[in-house]
Amino acid sequence: AACMYILKEHNINLYGVQCALLNRSRIVGFPLAHLLMQEGATVSICHSRSRDTRSIIKMSDIVLSAIGHYGLISSDWIKKDAVVIDISTNFLRIDGQEKMV
């Protein structure tokens, strides 16, 4: 629901918009997909076994990532002017310490 709040606060109209949602969990992925579709968005749910996730992301107006892995999506996968929200908590080893990024 926090993602929906962010999108609404920034006046992002979801009607007819193509969304890539990287998460298929029952806790995050499916409920968020349902909320997006209620607002008129077309949602592609991607997961570890999805084929050609890069192409799905490249054609999406909004990319929502909740995969918990830093660096799996490259900036060249993102369409110009697309909205990107990273929902997950990511940890990266920096100077020998694990830090949340």
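Hi everyone, let me start with a pair of residues: Arg54 and Asp76 form a salt bridge, and their closest N and O atoms are 3.2 Å apart. Arg54 sits in helix 3, residues 53-58, while Asp76 is in the loop between strand 3 (62-65) and strand 4 (83-86), so this pair ties together parts that lie 22 residues apart in sequence. Please keep in mind that this is a predicted model.

Are these two partners buried or exposed? Arg54 has a relative accessible area of 35%, so it counts as partly exposed. Asp76 is partly exposed as well, with 43%.

If salt bridges are new to you, here is the idea: side chains of opposite charge can pair when their charged atoms come close.

How many salt bridges does the structure hold? There are five. Another one of them joins the side chains of Glu39 and Lys8, at 3.8 Å from N to O. This pair links distant parts of the chain, with the two positions 31 residues apart: Lys8 belongs to helix 1 (residues 2-9), and Glu39 to the loop between helix 2 (29-38) and strand 2 (42-46). Glu39 has a relative accessibility of 35%, so we call it partly exposed.

Next comes a salt bridge between Asp81 and Lys80, where the closest N and O atoms are 3.9 Å apart. Both of these residues are exposed. For Asp81 the relative accessibility is 69%, and its place is in the loop between strand 3 and strand 4.

Asp81 also brings us to the backbone. Most residues other than glycine have a negative phi. Asp81, which is not a glycine, has a positive phi of about 70 degrees. Asp52 is also not a glycine, and its phi is positive too, at about 55 degrees. You will find Asp52 in the loop between strand 2 and helix 3. With 49% relative accessibility, Asp52 counts as partly exposed, because exposed means over 50%.

Let's finish with the largest pocket, which holds about 230 Å³ of space. Which residues lie nearest its centre? They are Ser65, His69, Gly71, Ile73 and Asp86, out of 17 residues that line the pocket. Strand 3 and strand 4 are the elements that each give two or more residues to this lining. The largest share, three residues, comes from strand 4. As for chemistry, the lining of this pocket has nine nonpolar residues, seven polar ones and one charged one.

That's my tour, thanks for listening!

Key: Residues numbered from 1 in each chain as written. Predicted model: local features only at pLDDT ≥ 70, side-chain atom pairs only at ≥ 80, totals over all residues. Heavy atoms only, no water. Salt bridge = Lys/Arg side-chain N within 4 Å of Asp/Glu carboxyl O. Helix = DSSP H or I, 4+ residues; strand = E, 2+ residues; numbered from the N terminus. Buried < 20%, exposed > 50% of the residue type's maximum accessible area, 1.4 Å probe, protein only. 1 Å grid on protein atoms, 1.4 Å probe; cavity = no way out; pocket = protein on both sides within 12 Å on 5 of 7 lines; lining within 4 Å. Points joined across faces, edges and corners; volume = space filled by probe spheres on them. Nonpolar A, V, L, I, M, F, W, Y, C, P; charged D, E, K, R; others polar.
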